[in-house]
Amino acid sequence: MDEERLAYLTLTQVPGMGAIRLSTLLTSFPTALGAHSAPFECLRTLPGFSCAIATALKATPLEVGRKVAEEAGRLGAGILIPTDDGYPAQLRHIADPPPVLFTLGDQALFFRPAVAIVGSRDHSSYGAVVCRSIAGAAAAAGVTVVSGMARGLDAVAQTAALDAGGATIGVLGNGLGVVYPAANRTLYERVARDGLLVSEFPPGERPSAGSFPRRNRLISGLSRVTVVIEAAEGSGALITAGTALDQGREVMAVPGNITSAVSFGTNRLIRDGAAPVLEPADLLDHFAELTGSRAAMGVVSQTTRELPEGLSGEERELARLLGQDPIHPDELASRSNRPIGEVLGLLCGLEIAGVVKQGPGRVFRRV
């Protein structure tokens, strides 16, 4: 690892160094190495840099980043930073994007359509059956299933995806090399081999109470749609649904028995506007570009309505990748394998033609 990348990795490990402070550093100094070696007095003058943060930075030597890199190498893990081509574009635009990602498995899964499937740890047998059905159908259709590797419905969803011959991304609330919960060791090994494990925490870091809410924003951020199977009041699955809404992503929920505690959250989501999932095809309508969706079986959906005359072939191709779910041009560029400049030009033409509409955060959807 070259010194500049090592310096950047070291900066990400400084206690209290979030995405905003890191961005301030990197815009204030020409290089990460220069930021790391900056005098204390200079650091102290930066916006958001208290005496404590400046002291913590000066007390974090490059050896800290080197040890993290060495541990990642020992595990066979990859290290991605936002300037890397392999860094998932959909995470660059969420609030508090992770300054570094540690990965184990197939990084190409970052660039495939994905659904987050989350739910209760203490689920019902009904929840498990529905979860296996939805996750298995999604995976068989080519949709990557994203979840949090937790006990309960997370594990059910990810196991079903692998059993269906599909792919899954497991987002950890701890560092790579730590299996939590221990009962999921077999699943951990399967996902590392046949899917992708990802964490923003350094290898070997144990989970803490605050690490799981941070993990949840990555689960929804990587996904076009978040599906909540079962969720009790105040559950982590509802936190994930909240981060999905904050990120402009679609939220769907499975209705349940109104007397069941684990269906309280999902029923409330539906009452408040989340689309209900009554069968796998309800979810697959959001992935109309993939074989296996209801649209592909001949049912007309919002994403496959007839396009107006006068569009170019390139505009038509891009329009077919758009649904009613907001999507950022960077993700469209990834899906269409086109340069971002070309995608922006095509979107401009589609907007003039009344096919797409731009929303807050420079995201687009089909009208």
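In the predicted model, Ile 169 stands opposite Leu 196 in strand E6. This pair belongs to the contact between E5 and E6, which run parallel and are joined by 3 bridges. The chain passes from E5 through H9 to E6, and this β-α-β crossover is right-handed. Strand E6 covers residues 196-199. Its side chains take two directions. Leu 196 and Val 198 point one way, Leu 197 and Ser 199 the other way, and all are buried. Such a pattern follows a general rule: in a regular strand the side chains alternate between the two faces of the sheet.

Strand E6 also pairs with E2. Here the sense is antiparallel, over 4 bridges. Within this pairing, Phe 102 of E2 has Ser 199 as its bridge partner in E6. Both senses are therefore open to strands of a sheet, which pair through backbone hydrogen bonds, either parallel or antiparallel.

The sheet as a whole is open and contains 9 strands. Their order is E1-E2-E6-E5-E4-E3-E7-E8-E9, and the pairing is mixed. Strand E1 (78-80) and strand E9 (275-276) form the edges, each pairing on one side only.

Strand E4 (residues 144-147) pairs with E5 (residues 168-171) in the parallel sense, over 3 bridges. In this pairing Val 146 has Ile 169 of E5 as its bridge partner. The connection from E4 to E5 runs through helix H8 (residues 153-163), and this β-α-β crossover is right-handed. Ile 169 thus recurs: it is the bridge partner of Val 146, and it stands opposite Leu 196 in E6.

Strand E4 is also bridged to E3 (residues 114-118). This pairing is parallel too, over 3 bridges. Ala 116 stands opposite Val 146 in E4. Strand E3, helix H7 (residues 125-140) and strand E4 make a right-handed β-α-β unit. The side chains of E4 are split between two directions. Thr 144 and Val 146 point one way, Val 145 and Ser 147 point the other way, and all are buried.

Beyond E3 in the strand order come E7, E8 and E9. Strand E7 (residues 225-228) and strand E8 (residues 250-253) run parallel and are joined by 4 bridges. Thr 226 has Val 251 as its bridge partner in E8.

Several loops carry unusual backbone values. The peptide bond from Tyr 180 to Pro 181 is cis, with omega near -5 degrees. Pro 181 is found in the loop between E5 and helix H9 (185-194). Two residues that are not glycines have positive phi. One is Asp 96, with phi of about 55 degrees. Asp 96 lies in the loop between E1 and strand E2 (101-105). Asp 96 counts as partly exposed because its relative accessibility is 31%. The other is Met 149, with phi of about 60 degrees. Met 149 lies in the loop between E4 and H8. At 3% relative accessibility, Met 149 counts as buried.Helix residues give further cases. Thr 10 lies in helix H1 (residues 3-12). Its relative accessibility is 0%, so Thr 10 counts as buried. Leaving aside residues up to four places away in sequence, Thr 10 touches His 36, Thr 60, Pro 61, Leu 62 and Gly 65. Asp 246 lies in helix H11 (residues 236-246). Asp 246 counts as exposed because its relative accessibility is 70%. Asp 246 and Ala 140 are 106 residues apart in sequence, and their C-alpha atoms are 29 Å apart in space.

Internal space was examined last. Rolling a probe the size of a water molecule over the atoms shows where empty space is left. The count comes to 3 cavities of 30 Å³ or more. The largest cavity has a volume of about 70 Å³. Its lining consists of Ala 89, Gln 90, Phe 110, Phe 111, Arg 112, Pro 113, Glu 331, Ser 334 and Arg 335. By type, the lining of the largest cavity divides into 4 nonpolar, 2 polar and 3 charged residues.

How values were computed
Residues numbered from 1 in each chain as written. Predicted model: local features only at pLDDT ≥ 70, side-chain atom pairs only at ≥ 80, totals over all residues. Heavy atoms only, no water. 1 Å grid on protein atoms, 1.4 Å probe; cavity = no way out; pocket = protein on both sides within 12 Å on 5 of 7 lines; lining within 4 Å. Points joined across faces, edges and corners; volume = space filled by probe spheres on them. Nonpolar A, V, L, I, M, F, W, Y, C, P; charged D, E, K, R; others polar. Buried < 20%, exposed > 50% of the residue type's maximum accessible area, 1.4 Å probe, protein only. Pairing = 2+ DSSP bridges. Right-handed = clockwise from strand over helix to strand, strands pointing away. Contact = heavy atoms within 4.5 Å.
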